[in-house]
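Please open the model in your viewer and keep the sequence panel visible, since each stop on this tour begins with something to select.

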Amino acid sequence: MRRKRKKVHRYVIFKIDEKKKEVVVEKTGGPADSYEDFTSSLPENDCRYAVYDFDFVTSENCQKSKIFFIAWSPAVSRICAKMLYATSKERFRRELEGIHYEIQATDPTEMDLDVIRERAN
């Protein structure tokens with residue numbers, strides 16, 4: 001029987017340090033944090049990368065988990081920030097392991113819980 005690994009983080013939010021030109025962890029959420037906790041941690045007017053670990057139950061009643069990479073680029077963020085995040089995304093994304101799905105969102109409706117749920121099933 002396989003032991004399930006214990007979750008350390010529900011989500012991790014990354015930002016690009018524009019001075020150092022590197023991606024750094026800005027915030028992490030514990031296993032008990034909700035999707036709402038995660039989305040409210042994203043800035044309304046600046047870009048971020050995020051990884052979210054989504055737990056759900058399948059129609060066969062199996063507990064599953066899918067990991068989402070989210071590129072958050074709100075329409076109101078600065079043009080230079082959008083360009084920086086867009087050009088760095090692929091390289092950063094390749095460094096991450098175990099990602100099942102990717103979502104590009106420019107406003108909250110493009111990454112709401114229904115969208116995540118639909119992609120995961």
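Begin by selecting asparagine 61, which counts as exposed because its relative accessibility is 64%, and keep in mind while you look that this is a predicted model. Asparagine 61 sits in the loop that links β3 and β4, and its phi is near 65 degrees, a positive value in a residue other than glycine.

Now select lysine 21, another loop residue, this one lying between β1 and β2. Is lysine 21 buried or exposed? With a relative accessible area of 59%, lysine 21 is exposed, because the cut-off for that word is over 50%. Its backbone is worth a look as well, for phi of lysine 21 is near 55 degrees, again positive in a residue that is not glycine.

From lysine 21, widen the selection to the two strands on either side, β1 and β2, which form a hairpin with four residues between them, lysine 21 being in the turn. Strand β1 covers residues 11-17, strand β2 covers residues 22-29, and the two pair in the antiparallel sense over seven bridges. To see one of these pairings, pick aspartate 17, whose bridge partner in β2 is glutamate 22.

Stay with β1 and add strand β3, residues 48-57, to the view: these strands also run antiparallel, and four bridges join them. Here the residue to pick is tyrosine 11, which has tyrosine 52 of β3 as its bridge partner. If you colour β1 by burial, five of its seven residues turn out to be buried, so the strand is largely enclosed by the rest of the structure.

The next selection is alanine 105, in strand β5, which spans residues 101-105. Alanine 105 has a relative accessible area of 0% and is therefore buried. Setting aside residues up to four places away in sequence, show what touches alanine 105, and you will find Ala71, Trp72, Ser73, Pro74, Glu110 and Met111. A distance line from alanine 105 to leucine 42, drawn between C-alpha atoms, comes to 11 Å, although 63 residues separate the two in sequence.

One of the residues that alanine 105 touches, Ser73, makes a good following stop. Serine 73 is found in the loop between β4, residues 63-72, and α2, residues 79-95. Which residues is serine 73 in contact with, leaving aside its neighbours within four places in sequence? They are Cys47, Lys82, Gln104, Ala105 and Thr106. Although it belongs to a loop, serine 73 counts as buried because its relative accessibility is 11%, under the 20% cut-off.

Finally, clear the selection and view the whole protein, which has three helices and five strands, arranged along the sequence in the pattern β-β-α-β-β-α-β-α. The C-alpha atoms fill a box of roughly 50 × 25 × 25 Å along the principal axes. The radius of gyration is 15 Å, which agrees with the value near 14 Å that a compact globule of 121 residues would have. Of these 121 residues, 40% count as buried, and among contacts between residues at least 6 apart in sequence, 57% join residues at least 24 apart. If you switch on a surface, its accessible area comes to about 8,000 Å², with 50% belonging to carbon and sulfur atoms. Colouring by charge brings up 23 positive and 21 negative charges, whose mean positions are 6 Å apart.

Note on methods. Residues are numbered from 1 along each chain as its sequence is written. This is a predicted model: local features need pLDDT of at least 70, side-chain atom pairs count only at pLDDT 80 or more; totals for chains, interfaces and linings use all residues. Side-chain values use heavy atoms; hydrogens and water are left out. The radius of gyration is taken over C-alpha atoms; the globule rule is 2.2 Å times the number of residues to the power 0.38. Buried means under 20% relative accessible area, exposed over 50%, partly exposed in between (1.4 Å probe, protein chains only). Contact means heavy atoms within 4.5 Å. Accessible areas come from the Shrake-Rupley method with a 1.4 Å probe; for residues, only the protein chains shown count as cover. Lys and Arg count as positive and Asp and Glu as negative; His and the chain ends are not counted. The place of a charge is taken as NZ of Lys, CZ of Arg, CG of Asp or CD of Glu. Two strands pair if DSSP finds at least two bridges between them.
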